[in-house]
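Grab your viewer and let's work through a few short exercises. Each one sets a task and then walks through the solution.

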Amino acid sequence: MKNFLVLYRMDMVEMQKMMASTSAEERKKSMGEWEVWMKKNMASFADHGGPVGKTKRVAANGATDIRNDIGGYSIVQAESQEAAAALFADNPHFTMPGATVEVMEIMSMPGK
């Protein structure tokens, strides 16, 4: 099995609009859909991951605050990148406007 880093991406302006316009009950229902999806696919996850906070970009000249569209991450195990990507076909993340999921293999380091 190979490991894959999964990034949950979304338009943050749309995300803020959605959070402001949905009720607590609607958000609870959405989280319930996530829980059901995660339980169904639990065996494929090496790390369920979670939401991510603000970003700092670090360079040789220091660290600065930046914004990006990454909302969270997970690590999944699958035989191939195609199989890992197929896990997300019915993911509830896609109910958000402009939401995408990126799947990339975590490569082995030489000597490990």
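## Working through the rings and the sheet

Trp 37 is buried, and Phe 45 is buried too. Keep in mind that this is a predicted model.

**Exercise 1.** Classify the ring pair formed by Trp 37 and Phe 45.

*Solution.* Start with the centres: they sit 5.8 Å apart, and the cut-off for a pair is within 6.5 Å. Next, the planes: they meet at 85 degrees, and over 60 counts as edge-to-face. So the Trp 37 and Phe 45 pair is edge-to-face.

**Exercise 2.** Find how many aromatic pairs the whole structure has, then work out what the Tyr 8 and Phe 88 pair ties together.

*Solution.* A search of the whole structure turns up 6 aromatic pairs. For Tyr 8 and Phe 88, the ring centres are 6.1 Å apart and the planes stand at 65 degrees, so this pair is edge-to-face. Now place the residues: Tyr 8 is in strand E1, while Phe 88 is in the loop between helix H3 (81-86) and E6, so the pair links parts 80 residues apart in sequence. Both Tyr 8 and Phe 88 are buried. Finally, zoom out: Tyr 8, Trp 34, Trp 37, Phe 45 and Phe 88 make up one aromatic cluster.

**Exercise 3.** Work out which strands stand at the edges of the sheet.

*Solution.* Write down the order first: the open sheet has 4 strands, E2-E5-E1-E6, paired antiparallel. Strands E2 (45-51) and E6 (100-105) each have a single partner strand, so they stand at the edges with one side lacking a neighbour in the sheet. From one strand to the next, the twist averages 15 degrees. To finish, check E6 against E1 (residues 2-9): they pair antiparallel over 6 bridges, and Phe 4 has Glu 105 in E6 as its bridge partner.

Definitions and conventions. Residues numbered from 1 in each chain as written. Predicted model: local features only at pLDDT ≥ 70, side-chain atom pairs only at ≥ 80, totals over all residues. Heavy atoms only, no water. Pairing = 2+ DSSP bridges. Helix = DSSP H or I, 4+ residues; strand = E, 2+ residues; numbered from the N terminus. Axes fitted to C-alpha atoms, helices over the stretch in contact; angles between N-to-C directions. Phe/Tyr/Trp six-rings, centres within 6.5 Å; stacked < 30°, edge-to-face > 60°. Buried < 20%, exposed > 50% of the residue type's maximum accessible area, 1.4 Å probe, protein only.
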